Amino acid sequence: MLNEIKRRNLPKTIPDSLTKDNWSAYRREMIVLFEKEEYGVTPEKPESICWEVKKQHDSVGGKAVHNLVNLSFDTPKGEFTFPFDTVIPNSDQPVPMFVYISFHPYGAGQYLPIEEIIDSGYALAIVNYNDVTKDTEDNFESGIANMYPRRNDGADWGKIGMWAFAASRMMDYIQTLDEIDKDRIYVAGHSRLGKTAVWCGVQDERFAGVVSNDSGCSGAAVTRGKKGEHVVHITKNFPFWFCKNYQKYIENEENMPFDQHQLLALVAPRLLCVGSATEDEWADPESELMGAYLAGEAYEMLGLKGLSGDIEVPVEPGEKRFGGKVGYQLRNGTHFLSRHDWLGYMEFFNGQ
């Protein structure tokens, strides 16, 4: 594995000159690079948000309260509103929360074992990504995409950035909730929404941790030398996820001034957990593991433990490497966010 890392000629995660004292400036510099070259430039945070709780009722057999929230804020083209759900377990003390960026409306079932998460003491805030902007090539005319002018400089934000922006607006609201432990709020997503969770968590340091499940290319997986999906595939099929500048690296990945392990590193010193599946060759578990391992350099520089375990020893299916501030788990199966995955992520965060 270490020979493979060297062979791929990856950019350094941590420059030789970097110290704890200039980490913050380095983070900002790298975020600007990823904005301009991959995900697009995120607009400024709105000055204020407002919300209306549309429904409130008992849920999960009376063990939690379910709210439907409509959240609104001003944009250059007027007010924008999107809905999301919260499910908060009944508790005498503040509880941790997952902000989950979802493919499905609340209650659809797939990817989200709600009762087990609630029974584990976690609250949920769940947004259906299509309620923010549609996951289609629509000339950026749906939802929030239509509320901000396009920059036309190659660095216009793509839809991954828009979904991430909405998750941060949910965080604005969550900060007002006494029921939630503000030091234990984590952003989570699967596949393209795993990419979204990483980008959200990198930009918004209020999140105490990030879950990237099977996020693959342009997510947790190192791009250079990976198996499966590459920039040429993802920008052909989903150009609207990214800024136009990202297309410069089609068949030109060796000249990218970045790679995904450098993005993961920007989560430091907060918690990061990456999950893979053995048969998910398009995402490439080995490259996701490599991304997590190399991101650990930032944690080590900050005096923290990165990914635990010997990187030269293969990770076995079912294995969890949770001994550091960067976690990695691998399960048998295909591209999916399973009950097994969720239980592993909660185990990781509970152990910190």
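**Helix α5, the nonpolar core and an internal cavity**

The buried residues (under 20% relative accessible area, 1.4 Å probe, protein chains only) of helix α5 are R192, L193, G194, K195, T196, A197, V198, W199, C200, G201 and V202. Since 11 of its 12 residues are buried, α5 is largely enclosed by the rest of the structure. Helices are DSSP runs of H or I with at least four residues, numbered from the N terminus. Helix α5 spans residues 192–203 and reaches 17 Å from its first C-alpha to its last, close to the 16 Å expected at 1.5 Å a residue, the expected span being 1.5 Å times one less than the number of residues.

The model is predicted, with pLDDT of at least 70 required for local features and 80 or more for side-chain atom pairs, whereas totals for chains, interfaces and linings use all residues. Residues are numbered from 1 along each chain as its sequence is written, and side-chain values use heavy atoms, without hydrogens and water.

The largest nonpolar core (buried Ala, Val, Leu, Ile, Met, Phe, Trp, Tyr and Cys residues joined through side-chain atoms within 4.5 Å) holds 113 residues, of which W23, F82 and F98 touch the most other members. Helix α4 (residues 159–174) supplies the largest share of this core, 11 residues. Contacts of F82 (heavy atoms within 4.5 Å), not counting residues up to four places away in sequence, include V69, L71, F73, V127, A166 and M170.

The largest cavity (a set of points on a 1 Å grid over the protein atoms alone where a 1.4 Å probe fits but cannot get out) has a volume of about 60 Å³, taken as the space filled by probe spheres set on the points. Its lining residues, which have an atom within 4 Å of a point, include H104, Y106, Q110 and I126.

Conventions
Buried < 20%, exposed > 50% of the residue type's maximum accessible area, 1.4 Å probe, protein only. Helix = DSSP H or I, 4+ residues; strand = E, 2+ residues; numbered from the N terminus. 1 Å grid on protein atoms, 1.4 Å probe; cavity = no way out; pocket = protein on both sides within 12 Å on 5 of 7 lines; lining within 4 Å.
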